[in-house]
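User: I would like to go through this protein step by step. Please answer each question with a short line of reasoning.

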Amino acid sequence: MIKRLQKRFVFISICSVAIVLLIILGAINLYSFIQIVENADSMLELVSKNAFIMPDDHGGNGGNGVIPDENRWQNGKNLSPETPYMLRYFTVTFTEDGQVSTLNVDKIAAVNEEQASNMALDAFENGRAQGFDGVYRYLRIELSDGGCEISYLDCSTDLNTFYTLLKTSIAVSLGGTAAVLLLLILFSKKAIGPLAESYEKQKHFITDASHELKTPLTIIDANTEIIEMEHGESHWTKSIRAQVKRLADLTGNLVSLSRMDEGDQKPLVTEFSLSDAVKETMEGFETRAEQSGKHIEMNVGNNISYEGNEDSIRKLIGILADNALKYSPDGSVISLSLSKSSKGIVLTITNPTIGMTAGSHDELFERFYRGDSSRSSELPGYGIGLSIAQSIVIQHNGKIRAISDGASLKFTIQL
């Protein structure tokens, strides 16, 4: 139980840390990529407007590579006079019928005219206003004569920086998660120490109390038997013996449940016929059902075998059948089915109910839980049977659920 809790604590904690790191570093990388795209689009808009004045080979335009003042703060970008020298771009202009009219690759060395023409033709045909073609960001501007101009900007430097940041983020995330996992493994036992101590005290209390109760219960039962031998059986002696048996069963179940929760002792596992186990167990409840005007319908698949503890599984079936008989109205039909599929073995028991809300009812598996309709001394039991059933299912690595549609209650066990 404690080891299972410790593993769950480590798992939940490491998942939380991983999710937080994923969100933070993912947001940083996403923001970085968006900034690259926005900056590239801004530069492409300036390129399409011929905003950059570049000096010619002989020092034309005054020999200064500058940006006109009216364009210097385009889109909130404070551009440097060195910007035109750092950009690598080319432009292709198309006529209305899709023919290349002009092509300028003077500002790039990595792309020749044929490559530029082919890339621009792909962009022209897909009809998108902007996008990426490898490491090149392109922007399409419609012209007044019906044609269009497609400008390409080399973003390889920015993208390489982004990919480096992305790889670094992944490495940091994995390293950080591994470091946190190591720390959690080292200190998780200490973190759940108070809870483990409390659980151990509770477990010892149940075990010690059950042993302490056995002696007085045995004496009471023996004294009652002597009284009956001397004075005969009476209503009072019957009541005493019934309550003694009730307490003995309760303490036995509490000890059994405590041992199952420990999880240290593995049950004896054998392969047996689950179909036969279900049928044989339910035979003992058919007489009880008939006495209260109820009927049990069974749909049990043939030759279904299972590897587990047969005694525990039979006890599980008995608990669920007993629960269905106790809390279903007179004249009810209780349905039981056993089937096998690719996902495993499924056992279901359904019984009619009164006054139960629709939905999942996990509270039924809580110890000593009894619904309002069952808080009557006429119904035997102490609200621990379904807790034992759940422990048996968990012990066999299965799942159990209780779901109501408002008119009936259905227990589903997947093994």
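**Salt bridges, strands and surface**

Analyst: In this predicted model, Asp41 and Arg137 form a salt bridge, and their closest N and O atoms are 2.9 Å apart. Asp41 lies in helix α1 and Arg137 in strand β4 (residues 136-142), so the pair ties together parts that are 96 residues apart in sequence.

User: Is Asp41 buried or exposed?
Analyst: The cut-off for buried is under 20% relative accessible area. Asp41 has a relative accessible area of 12%. Because that value is under the cut-off, Asp41 is buried.

User: How many salt bridges does a search of the whole structure find?
Analyst: Side chains of opposite charge can pair when their charged atoms come close. Asp41 and Arg137 form one such salt bridge, and Glu280, Glu310 and Arg314 are linked in a network of salt bridges. For the whole structure, the search gives a total of six.

User: Which residue meets Arg140 in a salt bridge?
Analyst: Arg140 counts as buried, at 16% relative accessibility. Its partner is exposed, with a relative accessible area of 51%. The two side chains meet at 2.9 Å, N to O, and the partner is Glu142.

User: How many residues apart in sequence are the parts that Arg288 and Asp322 tie together?
Analyst: The side chains of Arg288 and Asp322 meet in a salt bridge of 2.9 Å, N to O. Arg288 lies in helix α8 (residues 274-291) and Asp322 in helix α9 (residues 310-326), so the pair ties together parts whose separation in sequence is 34 residues.

User: How many disulfides are found in the whole structure?
Analyst: A disulfide is a covalent bond between the sulfur atoms of two cysteines. Cys15 counts as partly exposed at 29% relative accessibility, whereas Cys148 is buried at 1%. A search of the whole structure for disulfides finds zero.

User: Which residue in β10 stands opposite Ser335?
Analyst: Strand β9 (residues 333-341) and strand β10 (residues 344-352) pair in the antiparallel sense over seven bridges. They form a hairpin with two residues between them. Opposite Ser335, in β10, stands Thr350.

User: What is the bridge partner of Pro352 in β13?
Analyst: Besides its pairing with β9, β10 pairs with strand β13 (residues 408-414). This second pairing is also antiparallel and has seven bridges. In β13, the bridge partner of Pro352 is Ser408.

User: Which helix gives the most to the nonpolar surface patch?
Analyst: The patch, of about 320 Å², is made by Val20, Ile24, Ile28 and Leu165. Leu165 is found in helix α5 (residues 156-191) and counts as partly exposed, at 31% relative accessibility. The helix that gives the most, with three residues, is α1.

User: Which backbone nitrogen does the side chain of His396 reach?
Analyst: His396 is found in the loop between α10 (385-395) and β12 (399-404). At 10% relative accessibility, His396 counts as buried. At 3.0 Å, its side chain reaches the backbone nitrogen of Asn309.

User: Which residue with a positive phi follows α10?
Analyst: Several residues in α10 are buried, among them Leu386, Ile388 and Val393. After α10 comes a residue with a positive phi, near 55°. That residue is Asn397.

Conventions:
Residues are numbered from 1 along each chain as its sequence is written. This is a predicted model: local features need pLDDT of at least 70, side-chain atom pairs count only at pLDDT 80 or more; totals for chains, interfaces and linings use all residues. Side-chain values use heavy atoms; hydrogens and water are left out. A disulfide is a pair of cysteine sulfur atoms within 2.5 Å. Buried means under 20% relative accessible area, exposed over 50%, partly exposed in between (1.4 Å probe, protein chains only). Two strands pair if DSSP finds at least two bridges between them. Helices (H or I, at least four residues) and strands (E, at least two) are DSSP runs, numbered from the N terminus. Patches are made of residues with over 30% relative accessible area and no salt bridge: like charges are joined within 9 Å, nonpolar side chains (Val, Leu, Ile, Met, Phe, Trp, Tyr) within 5 Å. Accessible areas come from the Shrake-Rupley method with a 1.4 Å probe; for residues, only the protein chains shown count as cover. A salt bridge is a side-chain nitrogen of Lys or Arg within 4 Å of a carboxyl oxygen of Asp or Glu. A polar contact is a pair of N or O atoms within 3.5 Å; within protein, one must be able to donate a hydrogen and the other to accept it, and residues adjacent in sequence count only if both atoms are side-chain atoms.
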